Structures are given as C-alpha cells and as structure tokens.
Amino acid sequence: MPPPRQASAVFSAGRLMRSLGAVVLGISAYKYVGEVDFAPALKYACADAEAILRYLRTCWPEKSDAVVRSVEETGADVGGLRKAFAEVADAGPYDLFIVYLSGHGIHSTPKPGFILQPDATGELA
C-alpha cells in the first residue's frame, strides 16, 4: 500500500485541523481474573500494532500533523483504551481518524464484532 500524500496542518475556524488522529492497540497475551482463560496467546498482535505505528509515523512525520496514541499491552484494559481515545479526541478535529485494534475479538449477531478486553464487563467500551 503506498503511503498517503503528506499534508500540513491547517486551521479551521481558528482551530488546528490535524491530518491524522489514531488509536493503536495490540494484545497478544490476555490476563484474566481467576481461573478463566479462553483466549490463547497470539503470536503477532503486538508486532502488527507496532508495524502500524511505524507506518503512521513514516507517513505523518510532523507531530503537528498527527496525534497517534498507542495503548501498551500492559495497559490494554477498558481504562487505558478510554484514556487513549479521550487524548486523541481532545486534540482534534482531524481529516482522518484511524482505530487499529489487534487481538482476539468476538463476532455475534445482531451486534457487530468487537475486541476482547480482559476487564470488560459486557459493555461496549
């Protein structure tokens, strides 16, 4: 995939309009409370998330053009993910917003699929 054309930050209605906002999360090893352990470790989820981060930083090298938050695997819980989304949202608006989630997920009907988080209580965080 070729990198997108690099764009400069512009001002919209007196506010900085950044080219990119992104939240990137990779979970390879899930930690569970108690005896529950239904999601085996993944070999490449964290490596894939790191590759996406490198790609985004290559395509948007100017910090003024992009706000990218990576949720480290050790902080990959509902609170860590909410914090990353809040930080990116507070720095917006953006021309493009990317969410990259790599890990186990569930697909069920009638709701769309979602990523599993060890401390989730059933709410779609």
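**Salt bridges, rings and helix H2 in a predicted model**

Biologist: How many salt bridges does a search of the whole structure find?

Modeller: The structure is a predicted model. Side chains of opposite charge can pair when their charged atoms come close. Searching the whole structure for such salt bridges gives a total of two.

Biologist: Which residue meets Arg69 in a salt bridge, and which parts does the pair tie together?

Modeller: The side chain of Arg69 comes to 2.9 Å, N to O, from that of Glu87. Arg69 belongs to strand E3 (residues 66-71) and Glu87 to helix H2 (residues 78-90), so the pair ties together parts that are 18 residues apart in sequence. The partner of Arg69 is therefore Glu87, and the parts are strand E3 and helix H2.

Biologist: With which residue in helix H2 does Glu87 form a salt bridge?

Modeller: An α-helix has 3.6 residues a turn, so residues three or four places apart point the same way. Glu87 and its partner are both in helix H2, four residues apart, about one turn of the helix. The closest N and O atoms are 3.9 Å apart, and the partner is Lys83.

Biologist: Which residues do the salt bridges that share partners join into one network?

Modeller: Glu87 bridges to Arg69 and also to Lys83. Salt bridges that share partners thus join one network, made up of Arg69, Lys83 and Glu87.

Biologist: Is Lys83 buried or exposed?

Modeller: Its partner Glu87 is partly exposed at 31% relative accessibility, and Arg69 is partly exposed at 30%. The relative accessible area of Lys83 is 54%, and a residue over 50% counts as exposed. Lys83 is therefore exposed.

Biologist: What distance separates the end C-alpha atoms of H2?

Modeller: Helix H2 has 13 residues, and at 1.5 Å a residue these should span 18 Å. The model agrees with that expectation, because the end C-alpha atoms of H2 are apart by 18 Å.

Biologist: Which residues in H2 are buried?

Modeller: A residue is called buried when its relative accessible area is under 20%. In H2 this applies to Val78, Gly80, Leu81, Ala84 and Val88.

Biologist: How are the rings of Phe85 and Phe97 arranged?

Modeller: The whole structure contains two aromatic pairs. In the pair of Phe85 and Phe97, the ring centres are 6.3 Å apart and the planes are at 35°, so the pair is tilted. This pair links distant parts of the chain, with Phe85 in helix H2 and Phe97 in strand E4, 12 residues apart. The arrangement of the rings is tilted.

Biologist: Which residues do the ring pairs link into a cluster?

Modeller: Phe97 also forms a tilted aromatic pair with Tyr94, at 6.2 Å centre to centre and 45° between the planes. Tyr94 is buried at 16% relative accessible area, whereas Phe85 is partly exposed at 27%. Ring pairs thereby link into a cluster the residues Phe85, Tyr94 and Phe97.

Biologist: Which residues make the nonpolar surface patch of about 230 Å²?

Modeller: Phe97 is partly exposed, with a relative accessible area of 39%. Leu101, located in strand E4 (residues 94-102), is partly exposed at 36%. The nonpolar surface patch of about 230 Å² is made by Phe97, Val99 and Leu101.

Biologist: How many disulfides does the structure hold?

Modeller: A disulfide is a covalent bond between the sulfur atoms of two cysteines. Cys46 is partly exposed at 22% relative accessible area, while Cys59 is buried at 2%. The number of disulfides in the structure is zero.

How values were computed: Residues numbered from 1 in each chain as written. Predicted model: local features only at pLDDT ≥ 70, side-chain atom pairs only at ≥ 80, totals over all residues. Heavy atoms only, no water. Patch = residues over 30% accessible without salt bridge, like charges linked within 9 Å, V, L, I, M, F, W, Y side chains within 5 Å. Areas by Shrake-Rupley, 256 points an atom, 1.4 Å probe, with all protein chains shown as cover. Salt bridge = Lys/Arg side-chain N within 4 Å of Asp/Glu carboxyl O. Helix = DSSP H or I, 4+ residues; strand = E, 2+ residues; numbered from the N terminus. Buried < 20%, exposed > 50% of the residue type's maximum accessible area, 1.4 Å probe, protein only. Disulfide = S-S within 2.5 Å. Expected span 1.5 Å × (residues − 1). Phe/Tyr/Trp six-rings, centres within 6.5 Å; stacked < 30°, edge-to-face > 60°.
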